[in-house]
Amino acid sequence: MSDSRFIEANGVRLHYLDHDGEGPVLVLTHGLTANAHFFDELVHAGLAPALRVLSFDLRGRGLSEKPERGYSLEDHAADLLGALDVLGIERVALGGHSFGGLLTLYVAAFAPESVERALVLDAPAEVDATVLEQIGPSLARLDRTYPSRGAYLEFVRGLPYFANDGWNDSLAAFYDAELEELPEGTVRSGCRPEHIRQTVEGMLEHDWPAIAARVECPTLLLRTTDPFGPPGSAPIMSQDGARRTLARLRRGRLVEVPGNHITFAFGAHAPRVVDELRSFVRDRVAS
């Protein structure tokens with residue numbers, strides 16, 4: 001069973017999805033412009049009820065509050081740790097996709113008492129401005145308005161990320177969840193470009209290789225193998241980049257899965273990813 005809930009933490013009202021389960025607690029955080037529903041198909045494919053999964057809308061995304069300022073890694077980490085404190089949860093398996101994976105590394109590095117194990121989903125510890133070219137088509141949707149929800153979903157469906165893996169109802173529901181209706185009846189993404197710019201600026205300020213080297217807990221590094229972005233793009237994380245990140249982690253495990261930076265979590269790819277995440281959370285990793 002899943003519940004949509006709100007919590008006040010670090011001075012911000014945060015929304016999260018509580019997917020009930022009897023196993024260990026897995027907290028998941030989404031990518032740069034995404035929302036908590038990114039993980040829905042993974043949850044339904046078997047993450048819950050094997051685990052209790054809490055999937056958060058980060059500030060400025062989904063149904064969480066959208067303050068004008070405060071989008072640094074420090075702010076996002078304080079939100080997350082504050083939420084765990086309010087919920088009375090001391091230690092969790094913490095995972096995140098893309099930007100959420102970097103947030104996972106950051107929290108695991110600087111609040112190790114709160115993170116029992118870390119799951120970093122397609123987020124290399126080598127961050128530079130070139131990655132913005134690969135996610136450019138996705139960022140472009142934030143600046144536009146659309147005449148209807150259907151028109152918005154048709155635009156997203158045409159992005160290059162879905163040319164090979166296709167489109168399904170879970171992807172449509174994930175993107176639909178970010179929409180807000182405007183007074184004139186049009187729609188737009190509720191994720192605002194100015195907030196994303198602040199997030200990116202803060203992200204680029206950090207020494208990610210050094211942060212990865214601070215992480216002491218068992219860490220799963222998941223890499224997708226398919227190209228992502230405009231035609232001719234490579235996967236978000238190269239094999240060499242993944243190996244360099246793995247070498248910096250003290251107790252890391254690398255897993256490669258089919259699909260691209262988005263589609264790996266949907267459709268036929270989801271069960272394989274669920275098996276990897278579930279076994280990592282439930283089993284010990286050799287030091």
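A residue is called buried here when its relative accessible area is under 20%, exposed when it is over 50%, and partly exposed in between. The views below are all taken from a predicted model.

**Figure 1. Overview of the protein chain, with its 11 helices and 10 strands.** Of the 287 residues of the chain, 55% count as buried by the cut-off given above. The radius of gyration is 17 Å, which agrees with the value near 19 Å that a compact globule of 287 residues would have. Taken along the principal axes, the C-alpha atoms fill a box of roughly 55 × 45 × 35 Å. Among contacts between residues with a separation of 6 or more, 73% join residues that stand 24 or more positions apart. The accessible surface amounts to about 11,800 Å², and carbon and sulfur atoms account for 48% of that area. The side chains include 28 positive and 41 negative ones, and the centres of these two sets lie 4 Å apart.

**Figure 2. Close-up of the aromatic pair F38 and F39, one of the 15 aromatic pairs that the structure holds.** The ring centres of F38 and F39 are 5.3 Å apart and their planes meet at 85 degrees, so the pair counts as edge-to-face, a class that begins over 60 degrees. Both residues, F38 and F39, are buried. Ring pairs also join F38 and F39 to Y161, F162, W167, F174, Y175, F228, F264 and F266, and the ten residues named here form a cluster.

**Figure 3. Close-up of helix α3, with the aromatic pair Y106 and F110.** The centres of the two rings are separated by 4.8 Å and the planes by 50 degrees, an arrangement classed as tilted. Y106 and F110 both belong to helix α3, which spans residues 99–110, and they stand four residues apart, or about one turn of the helix. The two partners can be read separately for burial: Y106 has a relative accessibility of 10% and therefore counts as buried, whereas F110, at 41%, counts as partly exposed.

**Figure 4. Close-up of the cis peptide bond from A48 to P49.** The omega angle of this bond is near 10 degrees, and the bond is cis. P49 is placed in the loop that runs between helix α1 (40–47) and strand β4 (52–56).

**Figure 5. Close-up of N10 and D122, two residues other than glycine with a positive phi.** For N10, phi is near 55 degrees, and the residue sits in the loop between β1 (2–9) and β2 (12–19). With a relative accessibility of 42%, N10 counts as partly exposed. For D122, phi is near 60 degrees, and the residue is found in the loop between β6 (115–121) and α4 (131–134). D122 has a relative accessibility of 1%, and it therefore counts as buried.

**Figure 6. Close-up of the surroundings of A9 in strand β1.** A9 has a relative accessible area of 3%, and it is therefore buried. When residues up to four places away in sequence are left out, A9 touches L14, D79, G82 and A83. Of these contacts, the one with A83 joins residues 74 positions apart in sequence, whose C-alpha atoms are 5.1 Å apart in space.

**Figure 7. Close-up of the surroundings of L121 in strand β6.** L121 is buried, with a relative accessible area of 1%. Not counting residues up to four places away in sequence, L121 touches F39, G96, H97, S98, L222, F264 and L277. Two of these partners, F39 and F264, also belong to the cluster linked by ring pairs. T104 stands 17 residues away from L121 in sequence, and the distance between their C-alpha atoms is 9.5 Å.

**Figure 8. Close-up of the surroundings of S98 in the loop between β5 (92–97) and α3.** At a relative accessible area of 18%, S98 is under the 20% cut-off and therefore counts as buried. With residues up to four places away in sequence set aside, S98 touches G31, L121, D122, A123 and H261. One of these partners, D122, is a residue with positive phi. S98 and A50 are 48 residues apart along the chain, and their C-alpha atoms are separated by 24 Å.

Definitions and conventions:
Residues are numbered from 1 along each chain as its sequence is written. This is a predicted model: local features need pLDDT of at least 70, side-chain atom pairs count only at pLDDT 80 or more; totals for chains, interfaces and linings use all residues. Side-chain values use heavy atoms; hydrogens and water are left out. Helices (H or I, at least four residues) and strands (E, at least two) are DSSP runs, numbered from the N terminus. The radius of gyration is taken over C-alpha atoms; the globule rule is 2.2 Å times the number of residues to the power 0.38. Buried means under 20% relative accessible area, exposed over 50%, partly exposed in between (1.4 Å probe, protein chains only). Contact means heavy atoms within 4.5 Å. Accessible areas come from the Shrake-Rupley method with a 1.4 Å probe; for residues, only the protein chains shown count as cover. Lys and Arg count as positive and Asp and Glu as negative; His and the chain ends are not counted. The place of a charge is taken as NZ of Lys, CZ of Arg, CG of Asp or CD of Glu. Rings of Phe, Tyr and Trp (its six-membered ring) pair if their centres lie within 6.5 Å; planes under 30 degrees apart count as stacked, over 60 as edge-to-face and the rest as tilted.
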